[in-house]
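Subject: Handover of a structure and notes on it

Dear colleague,

Please find the structure below, handed over for your own work. My notes on what was found in it follow directly after.

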Amino acid sequence: MLHLKSLRHRVLLLFAILAVGPLLALGMLDYIHARRAVERIIVSRTDASAKRAMELIAARYALVESDALLLSDNAETQDLFARILAGDSTHIAAARASTDRFIRTVWEHAGSSYQSLEMRDARGSLVFRLAADSDVATANKDDTLPPMVQPITQTGSRRLLGSVVLRPLGRAVLPAQLSGLAFGRSGYVLVTDSSAKRVLYDSRRPANSASVIEVLGPIAAAELAAARGGGRVVQNGGR
């Protein structure tokens, strides 16, 4: 009787090995294949969304570059800063008044996209400064991006005459469409500066003054900082 029980146990064990074992192995293989397929979808979707985000940002940033070039490469600015560099005190006042009218006209049309505009001579001394009203500036203090510095170079000789410093607002460069690029219930989009130290845009929160370490943690922040390139778009695809 003991021998029969032992034989039955052996048969059951053999059945489990031959029947259940392959089913478990197939199930594990299916799981691995499904997980890899999901990972490929996430990588592909993230890559496409990151490229789209960079296209949107580049298009907006091109407008900032256009404003900076307009302010640095016009006849009034060129004339004034050439006279400042040459020390032509006789005609500086008239040139300054002409340039002041020009930049104020530009500011009236484009100023809502910036926290401030500065013009400095070749020594770095401030020549002009226009800024948003104090109430507006206070409301936008966490929405200001790193400044864009455009050299003022003399037409023809390319001699450095000074610089234009524009401090764009985040909403002027980081469009609302970015939030729609995240996918999944917990997906989000981050845009950091080129040094990967400051978060410029986070689709999960309105204020973007946090550091990358605070948002991603020290390990992920270090990996991001080690990557090369300009500003970075980071996307997390959640379920």
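Strands β1 (residues 114–121) and β4 are paired in the antiparallel sense, with seven bridges between them. Here two strands count as paired if DSSP finds at least two bridges between them. Helices (H or I, at least four residues) and strands (E, at least two) are DSSP runs, numbered from the N terminus. One bridge in this pairing links Arg120 to Ser163 of β4.

Before going further, I should state that this is a predicted model, in which local features need pLDDT of at least 70 and side-chain atom pairs count only at pLDDT 80 or more, while totals for chains, interfaces and linings use all residues. Residues are numbered from 1 along each chain as its sequence is written, and side-chain values use heavy atoms, with hydrogens and water left out.

The sheet around β4

Strand β3 (residues 148–153) also runs antiparallel to β4, and six bridges join the two. Among the bridge partners, Val149 is matched with Val165 of β4. β3 and β4 form a hairpin with six residues between them, and Gly156 in its turn has a positive phi of about 95 degrees.

Taken together, four strands make an open sheet in the order β2-β1-β4-β3, with antiparallel pairing. Its edge strands, β2 (126–131) and β3, each pair on one side only. From one strand to the next, the twist averages 15 degrees. Helix α2 (residues 75–86) packs on this sheet and touches β1, β2, β3 and β4, its direction making about 125 degrees with that of β4. Helix α3 (residues 89–110) packs on the sheet as well, touching β1 and β2, and its direction makes about 25 degrees with that of β2. For these values, axes are lines fitted to C-alpha atoms, for helices over the stretch in contact, and angles run from 0 to 180 degrees between N-to-C directions. Contact means heavy atoms within 4.5 Å.

Why is strand β4 described as largely enclosed by the rest of the structure? Seven of the nine residues of β4 (residues 160–168) are buried, so the rest of the structure largely encloses this strand. Buried means under 20% relative accessible area, exposed over 50%, and partly exposed in between (1.4 Å probe, protein chains only).

Individual residues

Asp121 lies in strand β1 and counts as buried because its relative accessibility is 8%. A polar atom of the Asp121 side chain lies 2.9 Å from the backbone nitrogen of Ser125. Leaving aside neighbours within four places in sequence, Asp121 is in contact with Phe81, Ile84, Val127, Leu161 and Gly162.

Gln150 belongs to strand β3, and its relative accessibility of 17% means that Gln150 too counts as buried. With neighbours within four places in sequence again left aside, the contacts of Gln150 are Ala68, Leu69, Ser72, Ser163 and Val164.

Pro147 is found in the loop between α4 (134–139) and β3. Is Pro147 buried or partly exposed? Pro147 is partly exposed, because its relative accessible area is 42%. Leaving aside neighbours within four places in sequence, Pro147 is in contact with Val165, Leu166 and Arg167. Pro147 and Leu117 are 30 residues apart in sequence, and their C-alpha atoms are 9.4 Å apart in space.

Nonpolar cores

The largest nonpolar core has 37 residues, and those with the most contacts inside it are Leu71, Leu80, Leu166, Leu174 and Leu178. A nonpolar core is a set of buried Ala, Val, Leu, Ile, Met, Phe, Trp, Tyr and Cys residues joined through side-chain atoms within 4.5 Å. Apart from the largest core lies another, of eight residues, including Leu190, Ala210, Val212 and Leu224. Beyond neighbours within four places in sequence, Leu80 is in contact with Ile92, Ala95, Arg96, Thr99, Val127 and Phe128.

The chain as a whole

The protein chain has seven helices and seven strands, which follow the pattern α-α-α-β-β-α-β-β-α-β-β-α-α-β along the sequence. Of its 239 residues, 35% are buried. Among contacts in the chain with a separation of 6 or more, 61% come from residues 24 or more positions apart.

With kind regards

Definitions and conventions
Polar contact = N/O pair within 3.5 Å; in protein donor to acceptor, adjacent residues only side chain to side chain.
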